[in-house]
Every structure is written in structure tokens, then in C-alpha cells.
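Subject: Structure for you to look at

Hello,

Here is the structure I said I would pass on. My notes on it follow below; please read them with the model open.

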Amino acid sequence: MQDEPLKQIRRILDACTPDQRHSIIRMLRTEYRAHRIEQAWNTSAEIVLEALARSSELTQRMFKGILAEAAFKVEIVDNMIEWQDVTPLGTHPFDFAIRHGQEYVTIQVKLQRKQAGKPLNYRQSGRGGKTTTLYVVETQKTRGGTDSKSGEDTRPYRFGEFDILAVSMEPSTADWSQFRFTVANWLIPRPDNPELIATLQPVSLTANDDWTDSLADAIKWLQSEERKIVRVE
């Protein structure tokens, strides 16, 4: 009996045209602002999305990087069974920290690079008679600066600042749940300073010995303490 009004509404919606459905949604959205940002900013999701649509390409690219982090939290971290999210507040060279017993792992999340609206290729890799496309992920901090003592650029990451790199492959897959993982110490160093991680790194959409689609496997690689550099061909 309690479900009868809801069933009636569903029957009415089934009989509505697409335009009528949109009108109903707009009517309900003026009354219900479900997300805390809508409430805190005293606005609607539609206005926030319109602001993003009107923003510059750089602003949208930066927001997509934040979106990749949010997707990682929802799709990966929140679905881990044994590991606990222990990410500390504040600014750090990693985006997430997870713990299982005494094991503590830090993860940096990046978005696969696009150029002219298409996934940017690193180069073609021929392994075992198969051709694999290696794409590009940009690994440097969003904001730059100069170290007051050494005068060095502070945008590059240093080896040891995070344990695992997670790359959102949404530009290639159109799926925000798709990530590829590797051990941070396996990344290519900068030619002029081997203590720094090179800005542009190759990332493989196909799982191989360097990149995996499983965070659990990447953690096992990390725990193995194997030393190598991701291959570029």
C-alpha cells in the first residue's frame, strides 16, 4: 500500500515524453539540492556545470584531474576490503594513503594526457611480436615554484615522495573506473637529475610487466622491492 503512490508516479513517468521528463526534473531540482556543495554555495549543480562549460581549457583540464582523484576514491579506495583509507589532511606529494596492518602505501593519481582532444601517444612499443600503444601521463605538481635554498624547480616529483602511480585511462576508455598502476620507483628519471621523476611517462593501456589494472598487484610489485625502469619500447 505504501508503494502505491510511487508506482503511480512511475507509470506517469513512463507515459511522459522526454521533454516532459526534463520539465519534471527541473521542477524537482529547484526544490531539492542534494549535494552539500549546492547547499554550501547556495547554488545548483546545473549552474556549477555551466560554469565549468564556460571555463578555459586549462581550467577544465585541471578539474578533470580532480575528477580522476574522486573517481579513484569511489571506484578503487572505497571498494578495498582489507586496506583502510588513512589519507592525512593537508597538502602532500601523494593523493591517498592506505594502510593494512603495518603496511602503509601512498598513491599519486594522474590523468592520462590528451592533446588536440585525443589521447597523446608516447610511442609504439613492439614486444614479443605485438605492437602496444604507449600513451602519456604527465607527472608533475600542478603548481610550480622555486626552492629558496637550492633554487631548483619544485614542480617535479622526487623519487620516494609516493609509492604507487595510478593513472586514470578515461581519455582512452571513456570510463572513469579504469586505472593503470605502476611502482613509483620504476618511473623514468629526469636526465639532468636522477633524483627527480621525469615529467612525461609512458603508460600502457594493456596490462604488462610494468603496468597493471589491479592496485592489489601493484602493491605486490611494491612489496617485492624489484628495481627496474618502465620500458618505452
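Met27 is exposed, at a relative accessible area of 54%. The residue sits in helix α2, which covers residues 18-31. Together with Leu28 and Tyr32, Met27 makes a nonpolar surface patch of about 340 Å². Please keep in mind that this is a predicted model.

Some totals for the chain may help you to find your way. The secondary structure comes to seven helices and 12 strands. Of the 233 residues, 32% are buried. The chain exposes about 15,100 Å², and 51% of that area is supplied by carbon and sulfur atoms. Among contacts with a separation of 6 or more, 55% are between residues 24 or more positions apart.

Next, the charged pairs. Side chains of opposite charge can pair when their charged atoms come close. The count of salt bridges in the model is 11, and three of them are described here, beginning with Asp192 and Arg190. Their side chains meet with N and O 3.4 Å apart. Asp192 is exposed, with a relative accessible area of 60%, while Arg190 is partly exposed at 22%.

The second is between Arg231 and Asp209, again with 3.4 Å from N to O. Arg231 lies in the segment after α7 (215-224) and Asp209 in the loop between β12 (200-204) and α7, so this pair ties together parts that are 22 residues apart in sequence. Arg231 is partly exposed, with a relative accessible area of 38%.

The third joins Asp210 to Lys228, whose closest N and O atoms are 2.9 Å apart. This pair also links distant parts of the chain: Asp210 is in the loop between β12 and α7, Lys228 is in the segment after α7, and 18 residues separate them. Is Asp210 buried or exposed? Asp210 has a relative accessible area of 1%, and because buried means under 20%, Asp210 counts as buried. Its partner Lys228 is partly exposed, at 22%. Asp209, Asp210, Lys228 and Arg231 are linked in a network of salt bridges.

Helix α5 is worth a look as well. This helix runs over residues 57-75, and its 19 residues should span 27 Å at 1.5 Å a residue. The C-alpha atoms at its ends are 26 Å apart, which agrees with that span. Which residues of α5 are buried? They are Ala68, Ala71 and Phe72. Seen down the axis of α5, these buried residues fall within an arc of 100 degrees, so they line one face of the helix. The elements that cover them include the strands β2 (96-100), β3 (103-111), β8 (164-168) and β9 (179-183), together with helix α7.

Gly160 is in the loop between β7 (130-138) and β8. With a relative accessibility of 62%, Gly160 counts as exposed. Gly160 and Glu195 are 35 residues apart in sequence, and their C-alpha atoms are 9.0 Å apart in space.

Last, two points about the backbone. Most residues other than glycine have a negative phi. Asn42 is not a glycine, yet its phi is positive, at about 55 degrees. Asn42 is found in the loop between α3 (36-41) and α4 (45-54), and at 62% relative accessibility this residue is exposed. Glu225 likewise has a positive phi, near 60 degrees, in a residue other than glycine. Glu225 is in the segment after α7 and is exposed too, at 64% relative accessibility.

That is what I have so far.

Regards

Conventions: Residues numbered from 1 in each chain as written. Predicted model: local features only at pLDDT ≥ 70, side-chain atom pairs only at ≥ 80, totals over all residues. Heavy atoms only, no water. Patch = residues over 30% accessible without salt bridge, like charges linked within 9 Å, V, L, I, M, F, W, Y side chains within 5 Å. Areas by Shrake-Rupley, 256 points an atom, 1.4 Å probe, with all protein chains shown as cover. Salt bridge = Lys/Arg side-chain N within 4 Å of Asp/Glu carboxyl O. Helix = DSSP H or I, 4+ residues; strand = E, 2+ residues; numbered from the N terminus. Buried < 20%, exposed > 50% of the residue type's maximum accessible area, 1.4 Å probe, protein only. Contact = heavy atoms within 4.5 Å. Expected span 1.5 Å × (residues − 1). Arc of directions from axis to C-beta.
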